[in-house]
Amino acid sequence: MDGGPHPRNIASTSTPATPVCRHSQQMLVTLSMVKKRRKPQGSNTFHLPGPPPVLVLPGRQYFTQQIASNTNPRHDVPPSDLIDQDRPSFYDNVHFFSDPSAPRSFRSNRRQKKFNQWQRWSNEVIPSLISPYLTYQCKSSSLHHQPVFQNDHVECMASCHRKTLEVTCVFFNYLEVLNIDCCPCTPAPLQLLKLGLFACAPIAPSLAVDLHVLELVRTLFVRITPNTTAWCEALEVFLTAQGYKISTKDNLRRRFSNAYHWYSVLVTNAEDHIYSLISQRLPSHSLGDEVLPTQPSNYLRSHCPVCFGMQDWQKDHGSRLKLDCHVCIDACFTQKRSANSRGADGLDPPNPTQSVFISDEEVARMEAHVHACRGSLPGHGTKRKKPEGDEDGYEDGMRIPVSTLDACGESFLAADEKREKASTRFFANMGIMALLCRHDCVLWLVNMTSAGEKQYYALALIKKLFEHLPPTMTIGILYDIACQLERSCLKYQLLEQGVLSRIVFSISVFHAYGHQWPCQLIYHPRKCEGFGLSDGEGCERLWSTLKMLIPPLRVSGYHQRLFVLNAQVRHLDGKNLDTFGEWLSRRWTRCQTKKSSAEHALRQLSVDEANIRPEWRAQVEHQTKPLSRRSKTNNDEQISKILTLERTLSNLDDSVHALEMQLCAGNTLNIVDFNLRLTDERTYQSKVADTLRRWKAALGIGQLTDLQQLRRSIFLQICLDAQAVKARLHERLRQCKFEIERFERSYRQTVNEHKLHVHAEASIQRRNPTIRKLVSTYNNLCGKLIDLIRRGEAPAGAIAPHSISLTGIFQLDVNDDIWQDVGLDGNDMAPPAWLADENMHAAIKFQLEVDRCNEEGARIMREHCVLQEWTMAEWDALQEACTHADENEDLCFHFDLRAHLLSGLVVHWQSQVRPIPCAWPLPDSWGPTPNDLAEAANMYYQPSCLDGTAAVYDSENDWESDDERENDELIDELEEAALAGAYMDLDSDSYDI
């Protein structure tokens with residue numbers, strides 16, 4: 001654009017026209033709109049009484065008559081601002097509240113005007129401007145040049161009353177004042193849009209902004225912190241230096257903000273309109289009147305083509321993929337919105353755009369459902385009685401014991417729903433919770449209004465996801481407290497069984513080290529089958545991207561906050577779309593490298609590969625068993641079990657003796673069947689006898705000991721307590737050993753890896769006091785047993801157990817006293833191979849890594865095919881839409897524009913995913929013809945800079961270009977999130993949205 005004004009088809013001047021005196025007008029207004037008159041100084045009352053009401057409507061609606069006179073107009077303000085050019089008519093100015101509880105703040109003149117203007121923008125102006133906007137985009141080639149308009153006079157077909165408006169137009173380097181004749185048939189916003197300008201008001205605007213300026217600001221504000229105050233101030237200073245002056249104070253900021261906001265709404269609706277026309281041509285997957293979808297919805301396809309863009313999601317189900325899709329959930333309490341300090345609710349009208357936020361009504365329904373499910377549980381609301389001793393066990397459906405679940409719940413703040421992470425006194429909205437796919441594409445967000453991380457937010461997101469999925473599609477969910485969420489779902493039946501059976505829960509990689517070791521064995525994604533190399537930390541990367549919005553959204557309105565977040569998510573979706581090919585290529589290379597390294601290390605170990613997986617299953621089974629309990633009646637219970645087992649053994653002896661006598665007498669009809677029966681009885685007898693011998697050895701008693709005399713034995717009770725404590729100590733030390741092994745083998749660490757190690761090491765150190773306390777308790781019990789033996793109060797032949805030294809206990813040597821159960825267990829069993837054999841231990845780790853890499857490789861091959869199928873379907877839908885829009889030049893232009901964009905993506909994607917094999921046979925074509933691809937490649941790789949240099953794609957500028965940058969942003973953001981409870985004192989006048 002050059003420096004001077006462009007010729008228009010209407011009169012234009014560079015300075016405001018001479019104002020014209022207008023006659024006084026009488027208006028019927030509400031009492032709150034009448035300006036109060038002041039009394040002279042020293043009077044008792046500050047204001048004179050207002051005019052009496054002339055009209056009273058039902059609901060105590062009072063109206064009076066006001067005379068607007070312009071006998072002394074201000075010469076520094078355009079005459080259109082002095083009367084009613086920016087003020088709606090009477091029917092726009094008065095809004096009738098049907099709800100008697102409506103807030104009084106809406107009754108003020110400014111709020112009424114804003115609300116009614118918002119309604120007019122949403123319901124009338126924006127829908128009517130979509131088609132003219134698409135036309136202007138077509139004629140200007142997407143704002144590449146200024147279209148030429150004919151100087152034809154705009155005529156009103158209905159002979160409406162016309163009025164002339166003076167509109168100040170803002171360009172990059174100059175201002176221009178236009179005179180526009182408008183009426184209801186040819187409104188000012190429509191006339192201005194045809195000239196490449198966007199109005200600041202829906203009826204009588206006094207300011208319009210060039211579309212190039214608005215498009216620049218819209219592009220800029222999704223990449224930096226949006227701040228219209230700073231932008232307008234800089235623009236005003238620049239225009240002043242060019243010789244243009246806007247004399248009205250704060251005039252540019254308010255009106256420019258309105259124009260920018262509604263221009264953003266218009267562009268969003270126009271893009272959605274074009275996509276809806278294309279999506280109507282996509283293949284339909286409905287089965288008649290069937291309600292359940294047979295394929296993922298178009299909503300999911302549009303947000304992540306790689307996860308949900310397949311034509312048949314059941315294709316290649318014979319592969320190694322246990323789960324069809326991975327998603328992650330997390331909450332962010334830094335994205336808060338401050339409460340209104342004056343006590344108002346601060347609600348602004350909603351924006352007429354599609355949103356990724358789940359509605360408040362759906363969240364409220366899920367909240368009521370959760371409360372109803374928990375309230376219907378017997379005994380809910382009363383404090384659960386703690387069982388005697390340290391009783392442990394499994395809850396229904398869970399694979400880890402209750403003690404582990406309780407410890408995980410205590411170690412995570414997110415698991416405590418009652419903990420307040422933000423004050424409801426200072427904040428109206430506490431944060432947001434997100435549901436993302438494994439490619440970091442936002443699927444849905446939910447606005448959090450409670451002080452804690454309530455489970456019904458996550459459940460609302462899960463329910464919303466399954467409403468858009470086929471009825472048999474399986475999903476892997478990564479959540480930092482997945483163990484607690486699954487526990488609640490099973491205990492209270494929060495989700496339908498048809499949904500819960502299709503979910504596999506796992507913990508995000510970074511948060512896994514805060515969980516107990518048995519929980520990691522089941523929920524860690526590197527140990528859980530089906531998750532490949534997905535880390536579940538996409539939400540943390542999203543929070544890192546959105547952190548620039550924390551200051552302005554802290555003081556924004558409710559719906560404005562959602563609108564800005566939606567715009568940012570929309571921008572990230574487009575950014576991810578361009579990097580899908582690079583993402584798949586990077587993940588494939590990383591997967592193959594890790595797999596090759598793990599297989600090489602596995603071959604170097606002298607371990608039979610057939611024994612690796614059985615040893616891993618044995619480790620999981622052993623380390624997820626409930627811990628032994630200590631009880632005052634443990635002595636009597638064990639003796640009662642032994643007495644019962646002795647009676648069972650006696651009966652078996654009699655049964656075997658009777659069968660032997662029958663065999664000797666020859667009283668058998670079928671000698672073969674009889675011998676088989678006798679063999680089974682002898683085998684069962686041998687097992688019972690072996691069990692009885694081991695139980696007696698565990699109590700430290702002989703075969704001839706009188707068990708009845710041992711009831712209430714103090715020595716035996718202490719001995720059993722020592723066994724329980726030592727069993728707990730074994731498990732704690734094993735957990736500690738497996739967690740700290742990564743530190744023992746770390747020789748070279750990057751900065752990011754060091755941060756991760758520090759985080760995990762801190763989690764381990766928090767558990768050390770528990771281990772030391774168990775050692776102290778065990779040594780005290782051993783001392784009591786030694787004293788009983790010395791005093792002769794122990795059974796004959798009793799041996800005192802060895803105490804445990806704290807020195808070197810965390811090294812967990814096989815020869816340490818911790819493994820010698822002298823005086824406690826008469827059964828000398830060698831430690832298992834998964835614990836004592838270092839080669840087996842390493843082999844298990846490498847085998848798990850190979851398995852996850854195989855899963856990741858199979859998933860990437862599938863995603864390669866899905867991306868190509870999505871592209872072919874989109875291209876076919878585009879071509880069909882173009883065929884049906886031959887007579888509409890504007891639609892054809894936008895369809896062609898999207899076709900060029902899709903062709904450019906295919907050129908970029910093909911070069912990135914070419915080394916990745918396909919999971920199933922596909923044609924060579926991705927949809928676009930060779931000529932389309934050649935044209936797109938020419939535009940993509942040709943010199944596009946002013947100096948003739950080639951425009952090369954710089955992968956290092958990608959927001960997720962490599963793992964090091966990814967982890968660095970992740971760790972830094974998590975460290976910042978630790979300060980989520982701190983209140984940020986922001987100046988509300990410094991930011992505008």
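This is a short tour of salt bridges, one unpaired acid and one cavity, to follow in your viewer.

The model is predicted, so local features need pLDDT of at least 70 and side-chain atom pairs count only at pLDDT 80 or more, while totals for chains, interfaces and linings use all residues. Residues are numbered from 1 along each chain as its sequence is written, and side-chain values use heavy atoms, with hydrogens and water left out.

**Stop 1: helix H13**

Select residues 482-492, helix H13 (helices are DSSP runs of H or I with at least four residues, strands E runs with at least two, numbered from the N terminus). Pick Arg 487: its side chain meets that of Glu 395 in a salt bridge, 2.9 Å from N to O (a side-chain nitrogen of Lys or Arg within 4 Å of a carboxyl oxygen of Asp or Glu). Glu 395 sits in the loop between helix H10 (360-375) and helix H11 (402-411), 92 residues from Arg 487. Both Glu 395 and Arg 487 are buried (under 20% relative accessible area; exposed is over 50%, partly exposed in between, with a 1.4 Å probe and protein chains only).

Now select Glu 486, in the same helix H13. Which side chain of opposite charge is nearest to Glu 486? It is Arg 399, 4.9 Å away, and Glu 486 is buried with no salt bridge (Lys and Arg count as positive, Asp and Glu as negative; His and the chain ends are not counted).

**Stop 2: helix H27**

Show helix H27, residues 838-884, and pick Glu 863. Glu 863 forms a salt bridge with Arg 438, with the closest N and O atoms 2.8 Å apart. Arg 438 lies in the loop between strand S12 (431-437) and strand S13 (442-448), 425 residues from Glu 863. Both residues are buried. Add Arg 587 and Glu 856 to the selection: with Arg 438 and Glu 863, they are linked in a network of salt bridges.

**Stop 3: the second largest cavity**

Keep Arg 438 selected and add Ser 534, Asp 535, Gly 536 and Arg 541: of the 15 lining residues, these are the closest to the centre of the second largest cavity. A cavity is a set of points on a 1 Å grid over the protein atoms alone where a 1.4 Å probe fits but cannot get out, and lining residues have an atom within 4 Å of a point. This one holds about 90 Å³ of space, the volume being that filled by probe spheres set on the points, which are joined across faces, edges and corners. Finally, colour strand S9 (325-332) and helix H17 (538-546), which each supply at least two lining residues; S9 gives the most, with three.

Conventions
1 Å grid on protein atoms, 1.4 Å probe; cavity = no way out; pocket = protein on both sides within 12 Å on 5 of 7 lines; lining within 4 Å.
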